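I opened this entry to record what I looked up in the model. My notes follow in the order of the look-ups.

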Amino acid sequence: MSSSSVLGPGRTALVTGASRGIGPLIARAIAHEGGHVVLTGRSVTELRVVASELAAAGADVSVVPADLTRPGAAGSLVETVERQRGGIDLLVNNAGGDPLREFHTMTIDENLRTLQLNLVAPVALTHAALDGMLRRGRGHIVNISAMAGRVSFPYTEVYAAAKDGVIGFTRVLRSDYRARGVSASVLILGAIRDAGQGQRMLDESGMKASGFMAPADSVARAAVKAVKKDRAELVIMPGPGRLMRAVMDYFPGLGPALNRAAGASSTMQKIVEQREAETGAAA
Ligand SMILES: NC(=O)c1ccc[n+]([C@@H]2O[C@H](COP(=O)([O-])OP(=O)(O)OC[C@H]3O[C@@H](n4cnc5c(N)ncnc54)[C@H](OP(=O)(O)O)[C@@H]3O)[C@@H](O)[C@H]2O)c1
């Protein structure tokens, strides 16, 4: 059974999306447990900045850049890390995001890139890392999902599909491999403040964080907790997250009503209009 044995001295974690947003905080929390953390993302300069900040705080880190929307990228990334470090004990599939544009105005290829980044890449990375984990009899995969689909967050059709897909993927993975020493957890994030896409949206719209938003470092703490306590699913939002998620499933009309009441629908509409205008201007 997976446990904290995948964390600590002599262990290696691979954290995707570690160049900005929530990823660097997750990497810092894992590094704090000891062991080596490999940071990945596309932006080499940002990754190096994060790596030097973490190293200055005493962390043992390295950088392997990768674009996870490129064919074969997941396999080569895992191969490189395994060659350099001798194996991967913990994989955190954190890279993700949404272009925040209207579904029908994006081309199908643009929509499929969202699916690739948020669902196909975590599946491919897990597939590539699993053999080594099973051989060593230990491993843990932490996938980052979102409440987006459950609350019908506006303009996130494909993103929501991908993030719900990640939940199903994690559940079955956990059930199939846990007895062989490889476990899996999913963190289901509500809106997050202080770092990441949610905070950037607030900054863009000039709005203040609402009480519905959880701090970014709570995601980092949850990632460590999920591994140490081998938790199947953690919902990261203020209040009774798991209950809220269940209520949203039971009353599918509630999410859109809450989005309207909290002002999320009108804010998102403004952001999407701005994005569409920028895209039109760039074309
Ligand atoms: N922030 C929120 O409110 C919130 C809410 C729910 C769920 N989440 C989820 O939490 C995770 C982190 O989100 P965040 O808010 O921290 O996002 P973010 O600030 O936009 O950071 C996204 C990370 O993903 C990486 N990434 C993007 N495209 C990539 C690609 N093609 N190949 C490799 N890496 C790529 C980015 O690095 P490069 O640009 O360097 O490639 C960056 O490090 C995501 O899975 C997101 O869906 C966030």
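**Entry 1: a bridge pair.** In this predicted model, I looked up the bridge partner of L90 and found H140, a residue of strand 5. I then turned to the two strands concerned. Strand 4 covers residues 90-93 and strand 5 covers residues 139-146. I noted four bridges between them, and the two strands run parallel.

**Entry 2: the sheet.** I next asked in which order the strands of the open sheet are arranged. I read the order as 3-2-1-4-5-6-9, with seven strands and parallel pairing. I also asked which strands stand at the edges. They are strand 3 (60-63) and strand 9 (233-236). Each has a single partner strand, so one side of each is left without a neighbour in the sheet. For the twist, I noted that neighbouring strands are turned by 20 degrees against each other on average, with direction ignored.

**Entry 3: helices across the sheet.** I looked up two helices that lie across strands of this sheet. Helix 5, residues 157-177, lies across strand 5, strand 6 (182-189) and strand 9. Its direction is at about 155 degrees to strand 5. Helix 8, residues 241-250, lies across strand 6 and strand 9, and I recorded an angle of about 90 degrees to strand 9.

**Entry 4: the ligand shell.** I asked how many residues surround the ligand. I found 30, and the closest are R42, S43, N94, Y159 and R200. By class, the shell divides into eleven nonpolar, 14 polar and five charged residues. I also checked which elements supply residues to the shell: strand 5, helix 5 and helix 6 (197-205) each supply at least two.

**Entry 5: polar atoms at the ligand.** I listed three distances between ligand atoms and N or O atoms of the protein.

- For D67, I noted 2.9 Å from a side-chain N or O atom to a nitrogen atom of the ligand.
- For Q197, I noted 2.7 Å from a backbone N or O atom to an oxygen atom of the ligand.
- For R200, I noted 2.7 Å from a side-chain N or O atom to an oxygen atom of the ligand.

Finally, I looked up the cover of the ligand: on its own it has 880 Å² of accessible area, and the protein covers 95% of this.

Technical notes. Residues are numbered from 1 along each chain as its sequence is written. This is a predicted model: local features need pLDDT of at least 70, side-chain atom pairs count only at pLDDT 80 or more; totals for chains, interfaces and linings use all residues. Side-chain values use heavy atoms; hydrogens and water are left out. Two strands pair if DSSP finds at least two bridges between them. Axes are lines fitted to C-alpha atoms, for helices over the stretch in contact, and angles run from 0 to 180 degrees between N-to-C directions. Contact means heavy atoms within 4.5 Å. A residue is near a molecule or strand if one of its heavy atoms lies within 4 Å of it. A polar contact is a pair of N or O atoms within 3.5 Å; within protein, one must be able to donate a hydrogen and the other to accept it, and residues adjacent in sequence count only if both atoms are side-chain atoms. Accessible areas come from the Shrake-Rupley method with a 1.4 Å probe; for residues, only the protein chains shown count as cover. Ala, Val, Leu, Ile, Met, Phe, Trp, Tyr, Cys and Pro count as nonpolar, Asp, Glu, Lys and Arg as charged, and the others, Gly among them, as polar.
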